[in-house]
Amino acid sequence: AELDNARTGRSCSLDSPPTHLDVTQKIDVNPPKGTRDFPPEEMRLRNWLFQNFREVSQLFGFEEVDFPVLESEALFIRKAGEEIRDQLYCFEDRGNRRVALRPELTPSLARLVIQKGKSVSLPIKWFAIGQCWRYERMTRGRRREHYQWNMDIIGVPNVTAEAELISSIITFFKRIGITSSDVGFKVSSRKVLQEVLRRYSIPESLFGRVCVIIDKLEKIPIDDIKKELKSVELSEDAVEELLQILSVKSLTKLEEKLGSSVEALADLKQLFLLAEKYGYSDWIQFDASIVRGLAYYTGIVFEGFDREGKLRAICGGGRYDRLLSTFGGDDIPACGFGFGDAVIVEERGLMPELSPQVQNIVCSLDQDLQSEASSVAARLREKGQSVDLVLESKPLKWVFKRAARINAQRLIIVGSTEWQKGMVSVKILSSGEQYEIKIDELE
Ligand SMILES: OCc1cccc(Br)n1
């Protein structure tokens, strides 16, 4: 059976009980390629980051949602040649279903909105923090997983929604001490691209693919961009005009080029007006080259960048008014953003120093008093005090070292002399102050 299983590749190691053939091999203690463990110091930073994501989302009145990490592969199959598709972490499960580890959260969110149908009233304002996956050759040594914070507004057609989303990210940055001199947002609209393609009668069906190609500007040589654009039947003129327009960095210039009637201009003007009213004008700038790499965006797109140019895009998002209808749902307008946990923590200087915190360490000096020490710990915990209980008889020197390592505020010593009097010794570790106290007064 074991050999059969091995041949069909169907057995997981958990299915085949150890046999005399198994030898205790040293397992690889590192996590799978491209993935991370979160030991305490990393987990504290991650919890701090996610706590800020959550608090900002709730400040904006959003409700938290989540979805399975595993989704049907079909949810992510789009024909626009996106990198996210090339790197899909997909496989066939034991029921011969094509499945994938989600590379992003937006399609799952769209799926849940459609599933909920009329049972949820619009506008929907949901946020999620979820692990997303990609599978790429490790030659590039890049991660295969990261956690993404998403906020989405479903059912609001005008740019007040995008303005609100950008405001939420800026609120997050300001909370963690990042200012508009550290980070900015480049903002554009895919309707700019749409207008140019319309003028050259490029079919709508090619829109997503053209956007994905344009997103590779500054990532691959310009000649390759031109070659790829010509491969989707863009004429020389169309390519030149497109690249011209994409270099525009001011709305006035854009108006000169496209005329004042295009919808893109109206959206962008309104967004900048709203930014003024929110008070975050100094955080955003128009940049026509911003298209983002996901095929489904249809309108305003934006990305957060570090002004020193050291980091990759910190976050990004935009309007995706067609996604729900492509999944068979109603034609409901939508916009959202994704904010990965990897780029921002690479800037360690922006991250706080987070040490472990525990209020008490409790120990007994005499191993016959171990159970008494447990009762003291239980009493403190009932009062909401955190306690690290020393679980075996240790010399006081050892206890002091551990107290320092776990950053305990108070040392509670259960000693026989004091215990006889119904008391324990307390030492405030920051000041060195020491006193005895009745056990039933301890809190
Ligand atoms: O940003 C694209 C992406 C998707 C999934 C996982 C990772 Br790491 N990066």
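Modeller: Before we look at any ring, one term is needed: a residue is called buried when its relative accessible area is under 20%. In this structure, which is a predicted model, Y147 has a relative accessibility of 13% and therefore counts as buried.

Biologist: How many aromatic pairs does the structure hold, and what describes a pair of aromatic rings?

Modeller: A pair of aromatic rings is described by two values, the distance of the centres and the angle of the planes. The structure holds 19 aromatic pairs. Take F50 and Y147, whose ring centres are 5.5 Å apart and whose planes stand at 55 degrees, so that the pair is tilted. This pair links distant parts of the chain, since F50 belongs to helix α2 (residues 40-59) and Y147 to strand β6 (residues 145-154), 97 residues apart.

Biologist: Is F50 buried or exposed?

Modeller: The same cut-off of under 20% applies, and F50, at 7% relative accessibility, therefore counts as buried. Now consider F173 and W283: their ring centres lie 6.1 Å apart with the planes at 10 degrees, so this pair is stacked. F173 is in helix α5 (residues 160-175), while W283 is in the loop between α11 (263-278) and β8 (284-286), so the pair ties together parts that are 110 residues apart in sequence. F173 is buried, with a relative accessible area of 0%, and W283, at 4%, counts as buried too.

Biologist: Which residues form one aromatic cluster?

Modeller: The cluster includes the four rings we have just discussed, F50, Y147, F173 and W283, and with them F38, F53, W149, F172, F185, F337 and F339.

Biologist: Which residue lies over the face of Y147, and which lies over the face of F305?

Modeller: To read such a contact, one looks at the distance from the charge to the ring centre, which has to be within 6 Å. R46 lies over the face of Y147, at 4.2 Å from the ring centre, and K186 lies over the face of F305, at 4.6 Å from the ring centre.

Biologist: How much space lies in the second largest pocket, and which residues are the closest to its centre?

Modeller: A pocket can be read by its volume and then by its lining. The second largest pocket holds about 680 Å³ of space, and of the 26 residues that line it, F207, G208, A295, T298 and R322 are the closest to its centre. Helices α6 (190-199), α7 (207-214), α11 and α12 (323-326) each supply at least two residues of that lining, and α6 gives the most, with 4 residues. By class, the lining has 11 nonpolar, 5 polar and 10 charged residues.

Note on methods. Residues are numbered from 1 along each chain as its sequence is written. This is a predicted model: local features need pLDDT of at least 70, side-chain atom pairs count only at pLDDT 80 or more; totals for chains, interfaces and linings use all residues. Side-chain values use heavy atoms; hydrogens and water are left out. Rings of Phe, Tyr and Trp (its six-membered ring) pair if their centres lie within 6.5 Å; planes under 30 degrees apart count as stacked, over 60 as edge-to-face and the rest as tilted. Buried means under 20% relative accessible area, exposed over 50%, partly exposed in between (1.4 Å probe, protein chains only). A charge sits over a ring if NZ of Lys or CZ of Arg is within 6 Å of the ring centre and within 35 degrees of the ring normal. On a 1 Å grid over the protein atoms alone, a cavity is a set of points where a 1.4 Å probe fits but cannot get out, and a pocket is an open set with protein on both sides within 12 Å along at least five of seven lines; lining residues have an atom within 4 Å of a point. Grid points are joined across faces, edges and corners, and a volume is the space filled by probe spheres set on the points. Ala, Val, Leu, Ile, Met, Phe, Trp, Tyr, Cys and Pro count as nonpolar, Asp, Glu, Lys and Arg as charged, and the others, Gly among them, as polar.
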